[in-house]
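Good morning, and thank you for coming. Please look at the sequence and the structure as they appear on the screen.

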Amino acid sequence: MALYSEKVMDHFRNPRNVGVIENADGIGEVGNAKCGDIMKIYLKIENDIIVDVKFETFGCGSAIASSSMATELIRGKPVSEALALTNKAVVEALDGLPTHKLHCSVLAEEAIKAALKDYYDRNGIEYDHKIFPDCASCGHGCHS
Amino acid sequence: MRIYADNAATTKMSKAAIKAMIPYMDEIYGNPSSLHGEGQKANEALTNARERIAKLLGCEPREITFTSGGSEANNQAVISAARLGERKGKKHIISTAFEHHAVLHTLEKLAKQGFEVTLLDVHENGLVSAEQVREVIREETCLVTVMYANNEIGTVQPIAEIGAICREKGVLFHTDAVQAVGHLHINVKEQNIDMLSLSAHKFHGPKGVGVLYAKKGIALTTLIEGGAQERGKRAGTENIPAIMGMAAALEEACAKIEENTVKLTALRDKLIVGLSDIPHSALNGDYEHRLPANVSFCFEGIEGESLLLLLDDKGICASSGSACTSGSLDPSHVLLAIGRVHDVAHGSLRLSLSEENTEEEIEYIIKSVKEVVEYLRGISPIWRDLISGKKDFIIK
């Protein structure tokens, strides 16, 4: 299908890291059903390294592919690198997304950040609140 | 194996339609407005096609205007009625919330020009009643436009009854019959229809051609200026091959309506029964007043585009009410109009059959949809919340 790149279709058809982590160290859920996309990311973190990551997604093809790719990009990486993951990196790794689907990659970035914030909060780790933008800043329009 | 179940989007051309077109691309290529023999032959063909189509709709040949398709016909019908109304100081139009965008967007434009538009609420079964029209029709109403059958959920509206009220009140009645023509009985006189739009590619004819029927005496507004084709109401050299293909396709479709209705209703019902097996699923639109080939479902906990892509992988061409692919985050206005909440409306699937589908295909579709819905629910965080009781099911 010409709508999506081969990479997107591969990650959509064979999503990596699908599932749930019991006793996860951090869980992030973003989006809402009204918009048609929800992503939930589970992290297992040991010695500041993301040793395992799983996701569940309700959404379109690019939402599922973005979740899959984003989890691949942070798996085995230090927390600092996962925090630095941008939606742009997800889009590039997927060989592009149609313009009207770019918000899916934004959701993937936000889901990972939300899971990391949860990890920090659970463990009482100090952090700069500015690195976690609030929902209103994304312009996704979910809550309008 | 490929299974085509998206006939509400477009149909495969019939052999008869293709055969009818070829001579007009090959030997009889003249311009119907030309005086020479070649042109006159084309003109005869045009006259012939107009007569045949008029007969099938139950109207006069001169009441037929050929257009580029359903959208143009809808635009022209609505605008013409508005202009006629305007002259008499009547600037109120009645329609429904779930019309095709070719009607809704035209109405939005007219609203900006000072027209008052009343969009009737659609009942949750996907129907509007003639009584609803009666309640809002008034002295200033210049047009009532209600679709014959809905393109997404396939519900068939009480057109003749609505038309009768319009006649009684002296208000023009237009129906977008794009999904109905060639599939349901039509007679514009018996059904009190003043204007009707149809599109050839919905009944195995070619794309890019349609008809606007307008009852004698209704002065159409010209949308495309130029030559004097179509009695000056639609400029541009007539698309003779497409028009000939449309006439042939319509004759064939109308001749087979009864036979196809029996066959398609059986296939449709088998599909509805099979898909109803899926827990927390619901048929969209009334079961009784429904196009013989339309199946529309919502499945809770999943999103429609993923469902379509995975069905495509399994060889099934379907469509969704979801506007996801069109760049909007909002789900279908039709599903919202019948009261489906956003969460559920995103998980929609439309299967629209043709007489070429078989029972085996229906069985394969049922099996495939079940598999894909189950898989997508398995990776959906919403579904997890629903089955764990964290959230309540909307579709019980």
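I shall describe one sheet of chain B and then the side of chain B that touches chain A.

This is a predicted model, in which local features need pLDDT of at least 70, side-chain atom pairs count only at pLDDT 80 or more, and totals for chains, interfaces and linings use all residues. Residues are numbered from 1 along each chain as its sequence is written, while chains are lettered from A and ligands numbered from 1 in the order in which they are written.

In chain B, three strands make an open, antiparallel sheet in the order β9-β10-β12. Strands are DSSP runs (E, at least two residues), and helices likewise (H or I, at least four), numbered from the N terminus; two strands pair if DSSP finds at least two bridges between them.

Why does one side of β9 and of β12 of chain B lack a neighbour in the sheet? Strands β9 (281-283) and β12 (348-352) stand at the edges with a single partner strand each, so one side of each is left free of a neighbour there.

Three bridges join β9(B) to β10(B), residues 294-299, and five join β10(B) to β12(B). F297(B) stands opposite L283(B) and also opposite L349(B) in β12(B).

Is β10(B) mostly covered or uncovered? Six of its six residues are buried, meaning that 20 or more other C-beta atoms, placed from the backbone, lie within 10 Å of the residue's own.

Turning to the other chain, 21 residues of chain B are in contact with 22 of chain A, contact meaning C-beta atoms, placed from the backbone, within 7 Å. Helix α10(B) gives the most to this side of chain B, with five residues.

Notes: Contact = placed C-beta atoms within 7 Å. Buried ≥ 20, exposed ≤ 12 C-beta atoms within 10 Å, placed from the backbone.
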